[in-house]
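Grab a coffee and work through these exercises with the structure open beside you. Each one has a task and then a solution in steps.

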Amino acid sequence: MSVSRPAAVIVLAAGDGTRMKSDLNKMLHRIGGRTLVAHALLAAAGTQAPHVAVTVRAQRERVAPHVAAVWPQALIADQDEIKGTGRAAECALDALPGDLSGTVLVTYGDTPLLTSDTLLELTQVHEDAGNAVTVLTAHLDDPTGYGRIFRGADSTVQAIVEHKDAVKAREEGGELRDALDITEINSGIYAFDVAVLRSSLAQVTTDNAQGEKYLTDVLAIARRTGGRVDTHSIEDIWQIEGVNDKVQLARMGKELNRRHLDVLMRESGAIVVDPDTTWVDADVTVGRDTVLQPGIQLLGATTIGAGCTIGPDCTLKDTEVGDGASVVRAQTDLATIGAHASVGPFSYLRPGTTLGEGGKIGGFVETKNADIGPGAKVPHLTYAGDATIGEGANIGAGTIFANYDGVEKNHTTVGNHSFVGSNSVLVAPVEIGDGAYVAAGSAIDGRVEPGQIAVARGRQRNIDGWVARRRAGTKTAAAAEAASAEHDSPNTDDSEGTPA
């Protein structure tokens with residue numbers, strides 16, 4: 001069976017969002033790693049409609065470039081000084097081809113859980129019924145604050161009654177007196193016949209208390225001209241809920257995260273130990289039988305392979321993790337972790353870090369622009385910046401790759417299967433050849449050839465009597481004197497070898 005697809009989707013994103021109490025436009029606030037308007041755009045684009053138009057106004061200089069970055073094919077429509085959802089839709093229509101025919105959907109930039117599937121269902125119902133307008137609705141136990149769907153004798157939509165008008169009708173009586181008892185509510189999301197929408201919007205005025213051009217007025221005009229107006233009701237009310245303040249933003253973010261975790265567990269086969277403390281952005285993928293321990297955040301374009309263990313207490317951003325790897329109590333950003341490699345605990349992998357297959361980055365290690373080869377180990381207390389560490393190399397505890405000379409960053413290369421002793425400093429630019437050693441405590445600023453051992457430290461010199469002269473009267477001096485006396489005393493054991 002063929003799927004009906006809309007001819008265009010209009011996303012209304014022109015509002016000020018004053019209830020957000022923020023300097024940032026509402027459309028640019030984020031949940032699940034995407035802005036609100038990005039969620040709306042991707043849902044619209046997922047219908048494969050030939051045209052997607054976005055109406056902008058407030059903070060246009062920020063919203064419009066972001067829309068273009070998320071979906072370059074989107075048409076940007078600028079709303080003028082005339083306010084209202086009807087005018088916003090009209091401006092978007094003007095940006096669409098004049099000869100467009102078929103179904104146009106109208107959605108909002110602040111409904112981040114609305115899905116492409118729901119939009120396609122709305123289109124199918126609209127076209128199968130031959131409607132002029134189809135309203136996406138839901139039934140709520142408590143519809144307070146929402147516009148009610150008021151049906152006529154033929155069960156089609158006669159009007160949308162706003163909550164305040166329903167209260168007034170209850171008080172004054174008349175045809176709409178029972179509107180307050182209706183539980184079916186208007187989502188504000190519609191499917192229109194394009195011709196009906198164009199002609200109706202041309203007749204909508206701003207003659208109301210707010211001086212705005214309302215999209216809901218189109219329904220009455222469509223009915224008056226013989227068009228059929230009906231609904232498509234959905235059970236998943238989260239999809240039609242908009243974000244108006246930061247409390248709603250947090251609620252929607254939590255619900256989006258819950259849904260994504262469900263998909264990862266049911267469809268990808270991931271194991272999420274504690275969903276309440278696991279946050280995974282919408283674009284993150286996780287492989288089969290990977291265990292996500294409590295207290296983790298997987299952000300951005302992170303991809304996790306199969307059979308991994310991530311966490312507890314990790315933040316991975318834009319990071320690629322190969323099959324069978326382990327990451328414990330670590331933070332990573334734009335890093336690549338090879339298959340069966342291990343990271344942590346308390347490691348920080350900064351952008352440009354690549355850890356090869358079977359490699360290790362251990363506790364309290366920081367890396368940046370570091371290419372660490374297969375099987376190489378950087379086990380403890382090390383900073384490795386602007387470095388290439390060869391296959392099977394071992395970097396001792398406390399080693400510093402001194403990459404910055406105060407003006408420029410410089411590179412260090414450690415060859416395959418080389419060994420750098422603990423507490424060494426590699427002063428870049430420098431190269432340690434394959435199969436070479438650096439003695440513990442060395443400061444290396446010159447090339448070490450393959451097979452050599454480099455020792456760059458002062459020769460040890462012991463000065464007798466220094467403590468007695470310089471620290472006389474201290475506990476240190478007393479301890480040294482007692483130890484010396486014990487060392488110098490004659491052997492008193494006369495069990496054998498003693499003269500008669």
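Contact here means heavy atoms within 4.5 Å. Keep in mind that this is a predicted model.

**Exercise 1. Which residues does S422 touch, not counting residues up to four places away in sequence?**

Step 1: find the residue. S422 sits in the loop between β34 (419-420) and β35 (425-427).

Step 2: list the partners. With residues up to four places away set aside, S422 touches G396, A397, A440 and G441.

Step 3: check the UniProt record. Its unreviewed entry lists A397, N403, Y404, S422, A440 and R457 under "binding site".

Step 4: look back from A397. This residue is in the loop between β31 (394-395) and β32 (400-402). Beyond its neighbours within four places, A397 is in contact with H380, L381, T382, S422 and N423.

Step 5: check accessibility. S422 has 36% relative accessibility and counts as partly exposed; A397, with 23%, is partly exposed too.

**Exercise 2. Work out where T353 sits and what its side chain pairs with.**

Step 1: place it. T353 lies in the loop between β25 (347-349) and β26 (354-355).

Step 2: decide whether it is buried. Buried means under 20% relative accessible area, and T353 has 1%, so this residue is buried.

Step 3: look for polar partners. The T353 side chain has a polar atom 2.9 Å from the backbone oxygen of R350. The side chains of T353 and T367 are also joined by a polar contact of 2.9 Å.

Step 4: add the other surroundings. Outside its neighbours within four places, T353 has contacts that include L334, A335, I361 and K368.

**Exercise 3. Describe helix α4 and what covers it.**

Step 1: get its dimensions. α4 (residues 116-129) has 14 residues and reaches 20 Å from first C-alpha to last, close to the 20 Å expected at 1.5 Å a residue.

Step 2: pick out the buried residues. In α4 they are S116, T118, L119, L120, L122, T123, Q124 and H126.

Step 3: find the cover. It includes α1 (36-45), β6 (103-108), β7 (133-139), β10 (184-193) and β11 (229-233).

Step 4: see what comes next. G130 follows α4, with a positive phi near 65 degrees.

**Exercise 4. How many disulfides does the structure hold?**

Step 1: count. The structure holds zero disulfides.

Step 2: try C308. This cysteine is in no disulfide, and the nearest cysteine sulfur, that of C314, is 12 Å away.

Step 3: check burial. C308 counts as buried at 1% relative accessibility, and C91 is buried at 8%.

Note on methods
Residues are numbered from 1 along each chain as its sequence is written. This is a predicted model: local features need pLDDT of at least 70, side-chain atom pairs count only at pLDDT 80 or more; totals for chains, interfaces and linings use all residues. Side-chain values use heavy atoms; hydrogens and water are left out. Helices (H or I, at least four residues) and strands (E, at least two) are DSSP runs, numbered from the N terminus. Buried means under 20% relative accessible area, exposed over 50%, partly exposed in between (1.4 Å probe, protein chains only). A polar contact is a pair of N or O atoms within 3.5 Å; within protein, one must be able to donate a hydrogen and the other to accept it, and residues adjacent in sequence count only if both atoms are side-chain atoms. The expected span of a helix is 1.5 Å times one less than its number of residues. A disulfide is a pair of cysteine sulfur atoms within 2.5 Å. UniProt positions are given in the numbering used here, feature names are shortened, and annotations may be inferred rather than shown by experiment.
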